[in-house]
Amino acid sequence: MAIISELVKGIYRENPVFRLALGLCPTLAVSTSIENAIGMGAATTFVLLGSNIIVSLLIILFAKILSEEGQKSINKIRIPVFIVVIASFVTVVEMVMSAYFPALSESLGIFIPLIVVNCIILGRAEGFASKNPLLPSIADAIGMGIGFTLALSAIALLREILGSGAILGYSIMGESYKPVLLFILPPGAFLVIGIYMALLNWLDARKKQS
Amino acid sequence: MEYSIFQIIILSIFVNNFVLARFLGLCPYMGVSKQLDSAIGMGMAVTFVMTIASLVTWLLYTFFLAPTYMNIFYSLFNTPIQNVPDLTFLRTIVFILVIASLVQFIEMYIQKVSPTLYRALGIYLPLITTNCAILGVAVLNIDLFFIDGLPKDNSFIHTIVQAFAAGLGFTLVLILMAGIRERLERTNLPKPLRGLPIAFIIAGLMSIAFLGFSGMNIK
């Protein structure tokens, strides 16, 4: 039961993008189309899952083999250790993507290596995986990953429909629709995420009232 | 296309502004833009670290990671060029480690040498390690100013100029945003818009304004 609640919390209640405001840079930069959004979401989820598993296991291992003193000194350098773990997984993603999905890799560009500094991943490693056993950490990573992907897709959906009148290349707004180019350009990302956040706040306030 | 130094400065401050056009460094942009003083401090710290990090990562990439005749294994140890290891895939790991330790080192150095500067920048320095603008500018320099691992002409100077200008551009929009948000505190906004949502919408409007620069023809 607890595991399921860890899994679900990332999707709405503690959504990393809209609630915790983490990982904003890739969210805004990559959400020009649904395809990019899902690609980025999948890559981030993979890194999140890998780093949460390794960090959780590392902490258990340290607790088993090290003395009290050793654990204290390891605790001081835990952030660099986490960063190296994350960077290794990002390198794996980078290489796999450029080998099997060259087009996606091209359009995500610089934001693939920048997954390393996505605050969601370090935040979850430090804030959750280093304090919890393996299974909840896995559930947390998957939940947060799905929440991130959904938030990205929600932003991309609105931007793509308004900005190009199509989803995944299929025109849905009809011939007479003139695309609002602004939504594909950088300003559109800021406006859309601002409006989404305001909408969520408004929904919360309404829920509290009733 | 080759750019002159002046073009690089204008392009990276206005046209390809790091925050508003490239979406890098948004966390400090939203987090530290509530007061003018802290915005200036953060801007200075980012510009400083960005320039030094770009310099160091350029040296590392040219002399250690890329398998060219500039590589240290080739030039110092006379390894045949085909045996020089291609370590470019380690770019992400090496850069983030270098930046993290560099920030630590700069912090200690400033604390020792100039306590006044440390008081101005001190609290912002640790936040910078996970600022994607720093790693972003380092990776971007490699993408822009290298061909197959070999630096282009004037690549070193262009790298430093681009990093410094990008830092200035970041500082500029951070200060603009702080000025707007300080006034916003005293306005009567609808409740759901308060805080981050309105900040994003303002950033969107600023971004539209900065979009105007992309029509500029710089000679």
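Okay, let's start in the middle of things, with helix 9 of chain A: its buried residues pack against helix 2 (24-30) and helix 8 (134-164) of chain A, and also against helix 10 of chain B. Before I go on, a reminder that this is a predicted model.

So which residues of helix 9 are we talking about? The buried ones in that helix of chain A are P186(A), P187(A), G188(A), A189(A), F190(A), L191(A), V192(A), I193(A), G194(A), M197(A) and A198(A). The helix itself covers residues 186-209, 24 of them. From first C-alpha to last, helix 9 of chain A reaches 36 Å, which is close to the 34 Å you'd expect at 1.5 Å a residue.

Let me zoom out to the rest of chain A. You've got nine helices and two strands there. Reading from the N terminus, the order goes α-α-α-α-α-α-α-α-β-β-α. The C-alpha trace of chain A spans about 70 × 50 × 25 Å along its principal axes. The chain has 210 residues, and 41% of them count as buried. And for those of you who like contact maps: take the contacts in chain A between residues at least 6 apart in sequence, and 77% of them join residues at least 24 apart.

Now, back to the partner chain. How many residues does each chain put into the contact? It's 33 from chain A and 33 from chain B. On the chain B side, the helices that each supply at least two residues are helix 2 (26-31), helix 5 (91-113), helix 8 (132-145) and helix 10 (196-211). Helix 10 of chain B gives the largest share of that side, 10 residues. That's the helix I mentioned at the top, the one from chain B that the buried residues of helix 9 of chain A pack against. As for the chemistry, the side of chain B that touches chain A has 26 nonpolar residues, five polar and two charged.

One last stop, a single residue in chain B. F156(B) sits in helix 9 of that chain, residues 155-184. Buried, exposed or partly exposed, which is F156(B)? There are 17 other C-beta atoms within 10 Å, so F156(B) comes out as partly exposed. If you skip its neighbours within four places in sequence, F156(B) is in contact with W58(B) and P151(B). And if you want a distance to try in the viewer, go from F156(B) to V49(B): they're 107 residues apart along the chain, and their C-alpha atoms are separated by 17 Å.

Key:
Residues are numbered from 1 along each chain as its sequence is written. Chains are lettered from A and ligands numbered from 1 in the order in which they are written. This is a predicted model: local features need pLDDT of at least 70, side-chain atom pairs count only at pLDDT 80 or more; totals for chains, interfaces and linings use all residues. Two residues are in contact if their C-beta atoms, placed from the backbone, lie within 7 Å. Helices (H or I, at least four residues) and strands (E, at least two) are DSSP runs, numbered from the N terminus. Ala, Val, Leu, Ile, Met, Phe, Trp, Tyr, Cys and Pro count as nonpolar, Asp, Glu, Lys and Arg as charged, and the others, Gly among them, as polar. A residue is buried if 20 or more other C-beta atoms lie within 10 Å of its own, exposed if 12 or fewer, and partly exposed in between; C-beta atoms are placed from the backbone. The expected span of a helix is 1.5 Å times one less than its number of residues.
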